[in-house]
Amino acid sequence: MCSERVFSGGEWWDLCAGPHVESTGNINRNAVELESIAGAYWRGDERKPMLQRIYGTAWESEEQLKAYLHFKEEAKRRDHRRLGQDLDLFSIQEDAGGGLVFWHPKGAIVRHIIEDFWKKVHIERGYDLLYTPHVAKADLWKISGHLDFYKENMYDQMSIEDELYQLRPMNCPYHILVYKRKRHSYRDFPIRVAELGTVYRYELSGSLHGLFRVRGFTQDDAHIFCLEDQIKDEIRGVLDLTEETLSQFGFEKYEINLSTKPEKSVGDDDIWEKATSALKDALDDKGWSYQIDDGGGAFYGPKIDVKIEDALGRKWQCSTIQVDFNLPQRFDITYVDSNSEKKRPIMIHRAVLGSLERFFGVLIEHYAGDFPLWLSPIQARILPVTDAQLEYCKDVTNKLKKYGIRAEVCHGERLPKLIRNAEKQKIPLMAVVGSKEIETQTVTVRSRFGGELGTMPVDDFISRIKLAIENPTSL
């Protein structure tokens, strides 16, 4: 229920379309909470009078209200903007401009881990990796149709030696140009190319929101060029890759939507039906339940959207798989079939994570900043009881780093404070070193997730960390 009213001419005017209750007496007075106030311009026009907006929430029962307030507090505790600052992961520097992300060393390490895993699974599944430019001649975006259909989301063009260039809002045309560099036979298919490509899209400053809504972001973009009878198998392969990737980061629950042909579209009915059936068959083979979004497809083809569910039960749009009949026609890409005739391939757009920035924000909130050991920017912090143990701590740290473990020494404070600081920074493992540990060439280990693990030789500590990373689990 919502209600937005303004007092004018001696009476209240209702601006809200509803839903409403017939009487406020129908509302449980113990299940109402006023939340905040804010100013709002009449009809969103800053030239018009300022209104006072009061936010509140009403529920059927007091228990539902309490559950909602708990959810709200938990969401606030997990807010990636606050945690990003507290854990020194990233920032938005206003001196550089809104919506542009600065990855700090710890955040950059997490991004590096994500990218390494992403590249590994794509290479294993037959994708070729690409790197393409951040700008291109404006004519390229005329051919693709972006200047006609997407111009409001694109930045102004720039003039270079009397030619107009454009920051890329998408990676698709570049991948098509790579395809067009040579002739292709039907025997070459499927052709799979993938890129972690940074794109730039114009967003109003009021719509920017941490990592979730930015002006520059990196898509985990890929395109598959295939024959009509290969669509089903390629879609199934993308679904398998999506499951493997998302489960690696702790996401096991999905909401799947299959969007079909809209009123305005390109391509013959026959190919739309074949493509839509291929998407359905791939989902059925996978065993994933899905909902049909009738008419919700893009004008250039049907699509599958995957929403992941986080630790609070919130759903986030990440993965998308889209069949495209439009760009192959616009760019006139072809192949030679078995009868030596030119035919047009099918193009599949797909992203698994969506964008690295947004996905990182989701990860921060999903884990509340408590990343699992394999993903944590700092996996172990070595803490000396006094500075007398500092050299030994440095030796231990160097040995851990030699085995690929992200470790650091922290000193200069009393041990209780060093431990508290490590807790605040959500470091998974702490290894305390005193005079006894030096004598026995050991460390005394405490896990954020598993409590006190006891005293052990350094080699055993390394072995346990490596085993937990490989699983991946937590110590």
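Two residues count as being in contact when they have heavy atoms within 4.5 Å of each other. Keep that cut-off in mind as we walk through this structure, which is a predicted model.

Let's begin with the annotated region. The UniProt record, an unreviewed entry, assigns "domain: Aminoacyl-transfer RNA synthetases class-II family profile" to residues 79-372. In the model, this span is 34% helix and 26% strand, and the C-alpha atoms at its two ends are 18 Å apart.

Now let's look at Lys180. This residue sits in the loop that runs between helix H6 (172-179) and strand S11 (191-200). Lys180 is partly exposed, because its relative accessible area of 42% falls between the 20% limit for buried and the 50% limit for exposed. Which residues does Lys180 touch, once its neighbours within four places in sequence are left aside? The contacts are with Phe331, Asp332 and Ile333. Tyr290 offers another reference point: Lys180 and Tyr290 are 110 residues apart along the chain, and 35 Å separates their C-alpha atoms.

The cysteines come next. A disulfide here requires two cysteine sulfur atoms within 2.5 Å, and by that rule the model has 0 disulfides. Why does Cys226 form no such bond? Its closest cysteine sulfur belongs to Cys172 and lies 15 Å away, so the separation is too far for a bond. Cys226 is also buried, with a relative accessible area of 0%. Cys410 is likewise in no disulfide; the nearest cysteine sulfur to Cys410 is that of Cys393, at 11 Å.

Note on methods:
Residues numbered from 1 in each chain as written. Predicted model: local features only at pLDDT ≥ 70, side-chain atom pairs only at ≥ 80, totals over all residues. Heavy atoms only, no water. UniProt positions renumbered as here; feature names shortened; annotations may be inferred. Helix = DSSP H or I, 4+ residues; strand = E, 2+ residues; numbered from the N terminus. Buried < 20%, exposed > 50% of the residue type's maximum accessible area, 1.4 Å probe, protein only.
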